Amino acid sequence: MLPLTRFIETIRGAVRYKLLALVLFPILLVMPIALALAIYWGKEFSYDQLYIKVNTDLSVAHDVFKRIREDYLTRLAVLAESHSFYVALESHDVESIKQQITILKNTTGFDYLHILDTEGKLLIGDSAQAYNRVSKLLLTAAQGDPDVGIEIFDHARLSAEDKNLAKKIILPLVETVRAGPTSKKIEDRGMVIRAIYPAKNAKGKVVALLDGGVLLNSNFGFVDTIRDLVYGPGSLPEGSIGTVTVFLDDVRISTNVALKPGERALGTRVSNEVRKQVLEQGEVWIDSAFVVNDWYISSYEPIVDINGERVGMLYAGYLEAPFRMAFWKALGVLVLLFIVLMILSAWLSIRGAKSIFKPLEAMSAVVKATRDGKQQRIGKQESKDEI
């Protein structure tokens with residue numbers, strides 16, 4: 001009887017806790033791990049989708065930017081290939097030529113429009129200043145091939161084209177969180193879409209060049225057009241804001257990012273980590289980034305001028321906060337669901353464990369009573385298993 005008593009006492013002291021440990025172990029350990037993995041994978045998957053979208057947005061913005069440049073070249077082509085312009089050029093009718101380029105300038109958005117000779121000297125235009133206008137674009141056009149691209153004009157060059165343009169571009173720099181250090185106080189250069197189209201005589205010889213430029217500094221119609229195409233109605237959830245920016249170097253010269261309500265963030269600068277990756281290394285940035293005063297799902301790519309130099313950046317992105325809020329709400333529901341399931345599973349597991357250790361405790365109580373000289377029976381057990 002003694003060995004049996006010890007055996008049952010051992011079972012009574014250990015089995016209950018072992019059974020509880022075995023049934024609660026998957027709940028208390030495995031389920032939290034599963035929850036942590038679900039949160040991690042959910043976040044990674046969600047943000048991967050956001051980055052895929054913003055990468056697509058940047059591709060669309062890039063294509064629109066390219067198409068806009070080509071459209072300006074096409075507008076020059078319409079004039080250069082027109083019969084009236086050809087006749088006026090052949091007959092050296094300066095007044096007619098001036099009238100035609102003035103109409104084109106006023107109706108197509110060119111900030112300046114001149115007629116140059118094949119060496120870059122001004123023949124007809126509003127500029128009264130002599131300036132060396134030779135560039136890679138001009139050399140290409142002088143050979144008979146129209147071309148368009150980005151050029152950076154310094155203050156003197158813009159003054160030569162139009163003094164009002166030179167005044168327009170002076171932009172005080174605004175101290176910006178996370179931007180790199182700089183000693184500059186103002187930005188007085190201009191980023192210009194420059195298009196040059198050759199005009200030919202009856203023999204096919206290039207006799208003049210139509211030289212037109214569109215200043216991107218403070219050109220809000222340009223960035224707003226791209227934004228409306230990339231982030232049209234229904235493309236973002238409620239509360240998110242799609243934005244597009246053109247940078248000259250690391251300075252916002254045209255943007256719809258708000259510095260404060262009703263004020264665009266002109267003169268603010270990009271974060272230092274973005275500047276290093278995009279401007280210094282020439283890589284595309286697809287990630288979260290701090291934009292002026294909040295976090296955005298962001299995409300940046302270098303803007304390359306006609307000489308292949310990185311002179312700025314094109315940005316497209318949208319406010320991250322609504323997505324982050326939606327993620328945390330979903331996470332809260334998921335955690336609450338897991339807690340409820342854990343409590344329910346623990347309750348069911350404990351009830352199931354009792355069906356095993358309760359008969360053992362009944363047997364242990366009878367053995368102890370018998371050892372003490374008492375009469376006691378186990379009685380009928382509900383369990384139909386081996387115990």
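**Core and buried residues of a predicted model**

Trainee: Which residues does F222 touch, not counting residues up to four places away in sequence?

Mentor: This is a predicted model, in which local features need pLDDT of at least 70 and side-chain atom pairs count only at pLDDT 80 or more, while totals for chains, interfaces and linings use all residues. Residues are numbered from 1 along each chain as its sequence is written, and side-chain values use heavy atoms, with hydrogens and water left out. Contact means heavy atoms within 4.5 Å. With that sequence exclusion, F222 touches F65, I68, I193, L216 and V246.

Trainee: Which helix supplies the largest share of the largest nonpolar core?

Mentor: A nonpolar core is a set of buried Ala, Val, Leu, Ile, Met, Phe, Trp, Tyr and Cys residues joined through side-chain atoms within 4.5 Å; buried means under 20% relative accessible area, exposed over 50%, partly exposed in between (1.4 Å probe, protein chains only). The largest core has 56 residues, and F85, M191, I193, F222 and V246 touch the most other members. Its largest share is 14 residues, from residues 2–80, helix α1.

Trainee: How many residues are in the second, separate core?

Mentor: This core includes V278, V292, Y296 and Y300. Its size in residues is 16.

Trainee: Why do F85, A88 and L89 lie on the same side of α2?

Mentor: Helices (H or I, at least four residues) and strands (E, at least two) are DSSP runs, numbered from the N terminus. In α2, residues 83–90, F85, A88 and L89 are buried. The arc is taken from the directions from the helix axis to the C-beta atoms. They are on the same side because they cover an arc of only 100 degrees.

Trainee: Is H114 buried or exposed?

Mentor: H114 lies in strand β1, residues 112–116. Its side chain makes a polar contact with the side chain of E161 at 2.6 Å; such a contact is a pair of N or O atoms within 3.5 Å, where within protein one must be able to donate a hydrogen and the other to accept it, and residues adjacent in sequence count only if both atoms are side-chain atoms. The relative accessible area of H114 is 1%, so H114 is buried.

Trainee: What separates the C-alpha atoms of G212 and V192?

Mentor: G212 is in strand β7, residues 206–215, and counts as buried at 0% relative accessibility. Its contacts include L76, F110 and I193. G212 and V192 are 20 residues apart along the chain, and their C-alpha atoms are separated by 9.6 Å.
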